[in-house]
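This report walks through the fold, the packing of helices and a few local features of one chain. Please keep the sequence and the model at hand while reading.

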Amino acid sequence: MRNKNIDIVRGLLMLYIVAVIHGIFWLDLIPRPYSTLLLFEMPLIFLVSGYSFGLFSSNTGFKLSVSGYLKYLVSRLTRILVPYYGYALVCAVVVIAQTKGVNYMGVIRDWINPFVYGKVDPFGLLTSHLWFIPPFILITLALPFLSSIKQPVWLAAVPLCFLVLVICNQNDSSLVNAVFYLYWTWIGYRLAIDTKSDPKLLIAVVALGTLALILAEYFFDVTIDMQSNKLPPNLLFFTFSSVWVSLFLLLSTFVRANQLGFLEKSKLLQPFIARGYSIYLWQGFGYIIAINAGEFLGLPTYFSWIIAIGLAVLFGIMFSPLEKIRWRFKKA
C-alpha cells in the first residue's frame, strides 16, 4: 500500500522548491545571503527518497540479487531519464534556435548526456536546477546496496559521516554531491526500516560535533551565504543541513498517521504530488517566459512570480505523460 504522507511531503517539498526557493533566487525577492538560510530542501528530498525506498523494500520483500537489481534499475532509471530526455531535446532545439554559430550536434550531445545537461544556456535558467540530476542518478544506482547494511543506525552512520566530512574537502562536485546526498538518503532509508532507532539525535550530535571543525577551518573565511556553501556542499553546509533535518524530524514526531491527508485534496498541492518531477524539470521555461513578459509589460515582480508558478505547473502537466513510460525487465 502506498504511503500517502510520503507523497504529500514530497509534493510540499516540490512546491517549496519551485514556488518559494526559485522564486526567491531567480526573481531576487529576498537579498542574499539571508535568502540562502532557506536552502534546507535538498537533504529532505533525498531523505524522503530513501524513506520511500525503505517502505518499498519492506512491503515487497526486496532482496538484492542480479535480476532484482536489474528490474529495479530499469524501472527507476526510465522514471528519471525518459522525462529528462523529453525536456533535454526541447532545450537543445531552443538553444540551437537562440544561439548563432553553435555546433548543433555538440549541443544535442551535451543535452542528451544527463551528467552534462547542456553547456550552452542563453537564458541561464534552463540548466541551473539540473545539477540535481547526476547525484540523483548515482544515488539511484547505489540505493539497493544500502539494504545490505544491517548494522544498527548508530554504527553504520558514523563512518558515513566521516566519509562526508572527507569528501566535502574534494573538488569533484559530482562526487561530493553524490556522497553528501547519499548520506541523507541512507538516513531516510533507516528511518523507514528501523522504527526503533532514533537518528534525530544522531544528526543533531553530528551537527554539533562538526561545528568545531567548521569553525576552525572557516574562522577567517566564513560566509553565511549557503548557496556558496551548497554547490558543492562543504562542511558548513553539512552542519546547516544537519540542524534543519534534525528540526524537521523532531517536528515529524508530532504528526500522526493520516494527519496530512487533507492536503491531498488541495488544488494547489495536487499537481506537485502527482507531477512534481515534470514540474521541477520544466519550471525554467515558466520563469523565463514570466520574467521576459513581466519586463515587457512592466509588471511588478510579484505578478511575474505568480505567472511563473502557473506556467511551471502548466508545462509540467503537459509533459507529465512521459513519467508514465516504463520499461520492464523480464527474466529470460
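Two residues are taken to be in contact when heavy atoms of theirs lie within 4.5 Å. The model described here is a predicted one.

## A buried aspartate and its contacts

With that meaning of contact in mind, and leaving aside its neighbours within four places in sequence, Asp225 is in contact with Arg32, Pro33 and Thr36. Asp225 is placed in the loop between α8 (199-218) and α9 (226-230), and its relative accessible area is 12%. Because buried means under 20% relative accessible area, Asp225 counts as buried.

One of these contacts leads to a cis peptide bond: Pro33, which Asp225 touches, follows Arg32 through a bond that is cis, with omega near 10 degrees. Pro33 is itself found in a loop, the one between α1 (4-26) and α2.

## Overall make-up of the chain

The chain has 12 helices and 0 strands, so that the elements, read from the N terminus on, run α-α-α-α-α-α-α-α-α-α-α-α, with helices taken as DSSP runs. Of the 332 residues in the chain, 50% are buried. Among the contacts with a separation of 6 or more, 76% are accounted for by residues 24 or more positions apart.

## How α2 packs against α1 and α7

Two packed helices are described by the angle between their axes and by the distance between those axes. For α1 and α2 the angle is about 160 degrees, and the axes are 10 Å apart. Angles over 145 degrees count as roughly antiparallel, and α1 is therefore roughly antiparallel to α2. The contact draws on several residues of each helix, including Ile6, Val9, Leu13 and Ile17 of α1, together with Leu44, Ile45, Val48 and Leu55 of α2. The crossing in which α1 passes α2 is left-handed.

Helix α2 (residues 41-60) also packs against α7, here at an angle of about 40 degrees and with the axes 6 Å apart. These two helices are therefore oblique to each other, and α2 passes α7 in a right-handed crossing. On the α2 side the contact includes Phe46, Leu47, Gly50, Phe53 and Gly54, while among the residues of α7 that take part are Tyr181, Trp184, Thr185, Gly188 and Leu191. Tyr51 of α2 is listed both in the contact with α7 and in the contact with α1, and Met42 and Leu55 of α2 likewise appear in the contact with α7 and in that with α1.

## Aromatic pairs and a charge over a ring

The structure holds 33 aromatic pairs. One of them is formed by Trp184 and Phe238, whose rings are 6.1 Å apart from centre to centre, with 45 degrees between the planes, which is a tilted arrangement. Trp184 lies in helix α7 (residues 173-193) and Phe238 in helix α10 (residues 235-252), so this pair ties together parts of the chain that are 54 residues apart in sequence. Trp184 has a relative accessibility of 0% and counts as buried, and Phe238, with a value of 0%, counts as buried too.

Another aromatic ring has a charge for a partner: the charged end of Arg76 sits over the ring of Phe56, at 5.4 Å from the centre of that ring.

## Backbone features in the loops

A cis peptide bond also links Leu231 to Pro232, with omega near -5 degrees, and Pro232 lies in the loop between α9 and α10.

Which residues other than glycine have a positive phi? Asp28 is one of them, with a phi of about 55 degrees, and Tyr117 is another, with phi near 40 degrees. Asp28 lies in the loop between α1 and α2 and counts as exposed, at 64% relative accessibility. Tyr117, by contrast, is found in the loop between α4 and α5 (133-146) and counts as buried, at 18% relative accessibility.

## An exposed arginine in α4

Arg109 lies in helix α4 (residues 104-112) and, at 54% relative accessibility, counts as exposed. Arg109 and Leu89 are 20 residues apart in sequence, and their C-alpha atoms are 9.9 Å apart in space.

Technical notes. Residues are numbered from 1 along each chain as its sequence is written. This is a predicted model: local features need pLDDT of at least 70, side-chain atom pairs count only at pLDDT 80 or more; totals for chains, interfaces and linings use all residues. Side-chain values use heavy atoms; hydrogens and water are left out. Helices (H or I, at least four residues) and strands (E, at least two) are DSSP runs, numbered from the N terminus. Buried means under 20% relative accessible area, exposed over 50%, partly exposed in between (1.4 Å probe, protein chains only). Rings of Phe, Tyr and Trp (its six-membered ring) pair if their centres lie within 6.5 Å; planes under 30 degrees apart count as stacked, over 60 as edge-to-face and the rest as tilted. A charge sits over a ring if NZ of Lys or CZ of Arg is within 6 Å of the ring centre and within 35 degrees of the ring normal. Axes are lines fitted to C-alpha atoms, for helices over the stretch in contact, and angles run from 0 to 180 degrees between N-to-C directions. Angles under 35 degrees count as roughly parallel, over 145 as roughly antiparallel, 65 to 115 as roughly perpendicular and the rest as oblique. A crossing is left-handed if the near helix is turned anticlockwise from the far one by less than a right angle, and right-handed if clockwise.
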